[in-house]
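Subject: Structure for you to look at

Hello,

Here is the structure I said I would pass on. Please open it alongside this message, as my notes follow below.

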Amino acid sequence: MAANNTSVPDMENSTSLSGQGPDVHGAKVWMTLAYTVIFIFGFFGNSCIIYIVATRARMKTTFNFLIVNMAIGDLLVSIFIMPFEVKFLYTGLTWLPGGFGSVTCKFVKFSGVLSIAATIITLVFISLDRYFAILHPFADVPVIRNTKLITSVIWISSWLYFSLYLVLFDSVPSADGSSWQCKMIWSYLSSDHMKQFEIARAYFMTTFVVLYLFALAIIATLYILIGRRLWSRVIPGVSTASQKRQNESSKRKVLRMLIIVVTIFALCWLPSHIMHLMNYFFTPTYIALISHQYVESSFYFLSHANSAINPCLYIFLNQRFNLEFRKLTRSLFCLPSKEDPLDPQSVYQKSTEGSMLMKTV
C-alpha cells in the first residue's frame, strides 16, 4: 500500500509532490522531515517493545506476545516502507535494472504489505485476547492462548493474501526507456486491459473489506462489549466512596485506551484505502484530487505513521510497558533505578512494614 505503484493498469500516476519549483521542493523537505520523525519513533519504539518482552520474564504473556507481533510488523514498515517513500518523493518509481532490481523490487514491496497485514490481523487477535481475558477469564480457549499457533496464523495468512505482490511487482523499463521502474505489472495476469482493470479493482476492494471494514467491525464490537462489562462491573462487598472513585477512574482509563486504539487505527488507514478505491472506482475524481499538492502523499504518510503511533500507545497507556520502558531508559542513561510498584516483593515488603507499624502503635 505504498503510494503510486498500484495504479490503474496502463495509467502512469505521478506523485502530488513531483515536479519542480520552490513550493514543491519545500513540500518534499517537510515530508522528508516528517518521515524521519515517524521512522525514529517507529524504529526505536517497536524495538523497545520487542526487547522488553524478550528480556523480561514477567512480560512473556499471550497479550504481550501479540503486541510483539504487531511491533515486528510495524518495525518492518519503518525499515522497508518509510525509507522508500522518501526515495519516491525525489526519484519516483525509478529502480535498479535487471534481475537484481526485479528481486529487490518484489522483496521490498512484499515486505511492506506483509507487515501491514500482520499488524492489522494482530490487532484483531489482541481484541479477542482482551475479550476472553475480561469477559470469560475462566473459559478454556486453547487457540487464543496458543502463542505459536496465533503467530503462525498471523504471518501465514498475511503471506498468502499478499503473495500476489510477488508475482505482479517487477522492475521494468519506463515508457520512454530512459530508466527502470518498480511497479505492478497487471499484464502478467491477463493481456486484456479491461480484465486487468477488473482484477485490480476486485483485489483492492477485497483488501478494503477484509483488512479494514471487517477487521474494524470485529475490533469495535469486542471493545464495546469489553467496555460495557467494565462499566457495569460491581465491586463485591461494601463499596466505600473511595472504592467507587477508584473504580470509576479505572474504568475511564481502560475505556480511554480502547477508544484511542480503535479510533487511531480507523483514522490512519481510512484515507489510504479511500485513495485506492477512488483510483479504481472514481478514476477522474482521483486524478483531479492528486493534482493538488500534499494530498496523496499526506494520506499515505498518515497510514505509515500508525506504525510509529502504536508503540507509543502501548508504552504510555500500559502500566507494565511504561514501567519497563522507564527502567530501560534509566539503564541506558546510567540513572539510578527506582522501586517498581508492580514488583510482588516490593508489594509484600510494603504490606509487611505496614503490619509492623500497626503493631507498634
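What follows is a short account of what I found, going from the whole chain to single residues.

Please keep in mind that this is a predicted model.

Overall make-up

The chain holds 12 helices and three strands. Of its 361 residues, 48% are buried. Taking contacts between residues at least 6 apart in sequence, 75% join residues at least 24 apart.

An unreviewed UniProt entry lists residues 33-54, 66-90, 110-128, 149-168, 202-226 and 254-278 under "transmembrane region". I looked at two of these spans in the model. Residues 202-226 are 100% helix and 0% strand, with 34 Å between the end C-alpha atoms. Residues 149-168 are 90% helix and 0% strand, and there the end C-alpha atoms are 30 Å apart.

Helix α2 and the loop before it

Helix α2 covers residues 62-91, and its end C-alpha atoms are 43 Å apart; this agrees with the 44 Å expected for 30 residues at 1.5 Å a residue. The helix bends by about 30° at S78. Of the 30 residues in α2, 21 are buried, so the helix is mostly covered. After α2 comes G92, which has a positive phi near 65°.

The loop between α1 and α2 contains R56. Which residues does R56 touch, once those up to four places away in sequence are set aside? They are Y51 and E324. The side chains of R56 and E324 are joined by a polar contact of 2.7 Å. In sequence R56 and E324 are 268 residues apart, while their C-alpha atoms are 8.4 Å apart in space.

N46 in helix α1

N46 sits in helix α1, which runs over residues 22-55. Its relative accessible area is 1%, and since buried means under 20%, N46 counts as buried. Beyond its neighbours within four places in sequence, N46 is in contact with F41, A71, D74, L75, S78, S307 and P311. One of these contacts, S78, is the residue at which α2 bends.

T104 in helix α3

Helix α3 spans residues 98-135 and includes T104. T104 has a relative accessible area of 17%, so it still falls under the 20% limit and is buried. Its side chain reaches the backbone oxygen of G101 at 3.0 Å. Residues up to four places away aside, T104 touches W95 and L96.

Helix α7

Helix α7 takes in residues 193-232, which is 40 residues. At 1.5 Å a residue it should span 58 Å, and the end C-alpha atoms are 57 Å apart, which agrees. There is nevertheless a kink of about 30° in α7, centred on V209. The N-terminal end of α7 is capped by D192, with a side-chain oxygen 3.0 Å from the backbone nitrogen of M194.

Aromatic residues

How many aromatic pairs does a search of the whole structure find? The search gives 19. One of them is Y161 with F162, an edge-to-face pair with 5.0 Å from centre to centre and 85° between the planes. Are these two residues buried or exposed? Y161 is partly exposed, because its relative accessibility is 22%, above the 20% limit for buried residues. F162, at 1%, is buried.

A further pair is Y165 with Y203, where the ring centres are 6.4 Å apart. The planes of Y165 and Y203 meet at 45°, so this pair is tilted. It links distant parts of the chain, as Y165 is in helix α6 (residues 164-168) and Y203 is in helix α7, 38 residues apart. Both rings belong to buried residues: the relative accessible area is 1% for Y165 and 12% for Y203.

These four residues are part of one aromatic cluster, formed by Y161, F162, Y165, F169, W186, F197, Y203, F204 and Y280.

Places to start

If you want to look at a few sites, I would suggest the R56 to E324 polar contact, the surroundings of N46, the D192 cap on α7 and the aromatic cluster that includes Y165 and Y203.

Best regards

Notes: Residues are numbered from 1 along each chain as its sequence is written. This is a predicted model: local features need pLDDT of at least 70, side-chain atom pairs count only at pLDDT 80 or more; totals for chains, interfaces and linings use all residues. Side-chain values use heavy atoms; hydrogens and water are left out. UniProt positions are given in the numbering used here, feature names are shortened, and annotations may be inferred rather than shown by experiment. Helices (H or I, at least four residues) and strands (E, at least two) are DSSP runs, numbered from the N terminus. The expected span of a helix is 1.5 Å times one less than its number of residues. The bend at a residue is the angle between axes fitted to the seven residues ending there and the seven starting there. A polar contact is a pair of N or O atoms within 3.5 Å; within protein, one must be able to donate a hydrogen and the other to accept it, and residues adjacent in sequence count only if both atoms are side-chain atoms. Buried means under 20% relative accessible area, exposed over 50%, partly exposed in between (1.4 Å probe, protein chains only). Contact means heavy atoms within 4.5 Å. Rings of Phe, Tyr and Trp (its six-membered ring) pair if their centres lie within 6.5 Å; planes under 30 degrees apart count as stacked, over 60 as edge-to-face and the rest as tilted.
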